[in-house]
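Subject: The structure I promised you

Hi,

Here is the protein I said I would pass on. Have a look at it first, and then read on for what turned up.

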Amino acid sequence: MKQDLQRYNANERSNHWAVALLFILSSLSGLALFHPALFWLSNLFGGGTWTRILHPFIGVLMSILFVLMALRFAGRNRIKAHDRQWLSQWRKVVTNHEEDLPPVGKYNAGQKLLFWSLVISMLMLLISGIVIWRAYFSSFFAIDLIRFASVLHAFFAFVLITSITVHIYAAIWVKGSMGAMLYGKVSRAWARKHHRLWYDEMRNKER
């Protein structure tokens, strides 16, 4: 019997890390354009002009790769009855008493909510970004709509950055999670403890 379980294949991991890299570049370039106090970040992209040119293209590429990733994971992120029960016991989650929680599948309810917040944020960033993309599209929209889209873009950028920060923290907090996306495998003990329904599913496939 194999000792470890395959949680993510090479394509899924490559897709994830490509989106992560583009997220960093998009965030840094976006922050440089957001406020004069952060404009110094534009030096990372060759100055203000290049930052304004590159930021929307980076964002579009990130959106495309994110859609490919979301399509891979959407089926596993549907909210089910045990997820609602898991959410109702959120205090046990933050106090690390997982033994009292209902068993979950490949993703717990917290991960699923994070996934859908990322999907919504990315969609809104793409739509609002197209509206305010001056070089190509902003001339098609009224100035009031462009102003509203700018505020919307900033808001969902904040939501996205906050969500990703939570995602990183959770990955570090739950020992073994980072290794799953780095190497693709997790120990059977880890799977049994954190994702019992998924663990049972994988065992049944081996029989």
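Let's start with how the chain folds up on itself. Among contacts between residues at least 6 apart in sequence, 67% join residues at least 24 apart. Keep in mind while you look around that this is a predicted model.

**The overall picture**

The protein has nine helices and two strands. If you follow the sequence from start to end, the order is β-α-α-α-α-α-α-α-β-α-α. Taken along the principal axes, the box that the C-alpha atoms fill is roughly 60 × 35 × 30 Å.

There are 207 residues, and 37% of them are buried. As for the outside, about 12800 Å² is exposed, and carbon and sulfur atoms supply 67% of that area. On the charge side, you'll find 24 positive and 10 negative side chains. The centres of those two sets lie 4 Å apart.

**The aromatic rings**

This is the part to spend some time on. A pair of aromatic rings is described by the distance of the centres and the angle of the planes. In this protein, the count comes to 10 aromatic pairs. One of them is Tyr 136 with Phe 137: the ring centres are 6.3 Å apart and the planes meet at 50 degrees, so this pair counts as tilted. The cut-offs explain that label, because stacked needs planes under 30 degrees apart and edge-to-face needs over 60.

Are these two residues buried or exposed? Neither, really: Tyr 136 is partly exposed at 46% relative accessibility, and Phe 137 is partly exposed at 31%.

Now compare Tyr 169 and Trp 173, which make a stacked pair, with 6.2 Å from centre to centre and 25 degrees between the planes. Where do they sit? Both are in helix H6, which covers residues 143–173, and they are four residues apart, about one turn of the helix. Tyr 169 has 56% relative accessibility, so it counts as exposed. Trp 173 has a relative accessible area of 41%, so it is partly exposed.

Back to the tilted pair for a moment. Tyr 136 and Phe 137 also belong to a cluster, in which ring pairs link them with Phe 57 and Trp 133.

One more ring has a charge for company. The charged end of Arg 7 sits over the ring of Trp 198, at 4.9 Å from the ring centre.

**Two more residues to click on**

Ile 168 is also in helix H6. Its relative accessible area is 44%, so Ile 168 is partly exposed. Try drawing a line from Ile 168 to Tyr 183: they are 15 residues apart along the chain, and their C-alpha atoms are separated by 17 Å.

Then go to Trp 17, in helix H1 (residues 10–34). Trp 17 is partly exposed too, with a relative accessible area of 36%. Which residues does Trp 17 touch, not counting residues up to four places away in sequence? Those are Met 181 and Leu 182. For Trp 17 and Asn 204, the separation is 187 residues in sequence and 30 Å in space, C-alpha to C-alpha.

Have fun with it!

Methods. Residues are numbered from 1 along each chain as its sequence is written. This is a predicted model: local features need pLDDT of at least 70, side-chain atom pairs count only at pLDDT 80 or more; totals for chains, interfaces and linings use all residues. Side-chain values use heavy atoms; hydrogens and water are left out. Buried means under 20% relative accessible area, exposed over 50%, partly exposed in between (1.4 Å probe, protein chains only). Contact means heavy atoms within 4.5 Å. Accessible areas come from the Shrake-Rupley method with a 1.4 Å probe; for residues, only the protein chains shown count as cover. Lys and Arg count as positive and Asp and Glu as negative; His and the chain ends are not counted. The place of a charge is taken as NZ of Lys, CZ of Arg, CG of Asp or CD of Glu. Rings of Phe, Tyr and Trp (its six-membered ring) pair if their centres lie within 6.5 Å; planes under 30 degrees apart count as stacked, over 60 as edge-to-face and the rest as tilted. A charge sits over a ring if NZ of Lys or CZ of Arg is within 6 Å of the ring centre and within 35 degrees of the ring normal.
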